[in-house]
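Please look through the sequence and the structure shown below. The paragraphs after them go from the strands to the charged side chains.

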Amino acid sequence: HQAVHVLVFNDDQRQLLVQRRVRTKRICPSLWDLSCAEHLQPGESQAQAAVRGLREELSLVVPEASLKLVRPVQLFRRCFRKGAEHYQDNEFIALYSCTLSA
C-alpha cells in the first residue's frame, strides 16, 4: 500500500518535530516516531495525503506548495514481532518535509 511520511521542522530553532506513538498501537506502541505518517486514500496523491495527515494528526494547516519532496516513492519492507504475533508491512513511501515559521 502507499504512504507518505512528513518531517516537520521549526525554522526558528532548527528542530525536528517528533511525536510519541499511542501506547495502544499494535505496532511499536509508545515509541518516538517521525512528525507525520499517513496512508493514501483512494484517488489521493501523496502530497494531498501529507496535507491531510498534518491537519488530522497535528492540527497544522500546511499548503501543498509548502511541502518539499525529499525522497520519491520507495518500497520499504518491515517485519515486526512481539511474542507470538508476527506482522509484515510492505509500503511504498514518499518522504516530504516542511518548515514552520513563527
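**Strands and salt bridges**

Strand 6, which covers residues 68-82, runs antiparallel to strand 7, and 12 bridges join the two. The model is predicted, and this applies to every feature described here. Within this pairing, L69 stands opposite Y96 of strand 7. Strand 6 and strand 7 form a hairpin with 2 residues between the strands, and in this hairpin G83 takes a positive phi near 65°.

Strand 7, residues 85-100, is also joined to strand 1, residues 2-10. These two strands run parallel, with 9 bridges between them. One position to find in the model is H5, whose bridge partner in strand 7 is L95. Strand 7 therefore takes part in a parallel pairing with strand 1 and in an antiparallel pairing with strand 6, as two strands count as paired if at least two bridges are found between them. In a regular strand, the side chains alternate between the two faces of the sheet.

The next topic is charge. Side chains of opposite charge can pair when their charged atoms come close. How many salt bridges does the structure hold? There are 4 salt bridges in the structure.

One of them is formed by the side chains of D33 and R21, with 3.2 Å from N to O. D33 belongs to strand 4 (residues 32-33), while R21 sits in the loop between strand 3 (19-20) and strand 4, so this salt bridge ties together parts that are 12 residues apart in sequence. Are these two residues buried or partly exposed? D33 has a relative accessibility of 25% and so counts as partly exposed. R21, at 21%, also counts as partly exposed, because buried means under 20%.

R52 takes part in a salt bridge with E44, at 2.9 Å from N to O. Both R52 and E44 are buried. R52 also forms a salt bridge with E56, and here the closest N and O atoms are 3.3 Å apart. R52 and E56 lie 4 residues apart in helix 1 (residues 46-58), so about one helical turn separates them. E56 has a relative accessibility of 49% and therefore counts as partly exposed, whereas R52 is buried, with a relative accessible area of 7%. Through salt bridges that share partners, E38, E44, R52 and E56 are joined into one network.

Key:
Residues numbered from 1 in each chain as written. Predicted model: local features only at pLDDT ≥ 70, side-chain atom pairs only at ≥ 80, totals over all residues. Heavy atoms only, no water. Buried < 20%, exposed > 50% of the residue type's maximum accessible area, 1.4 Å probe, protein only.
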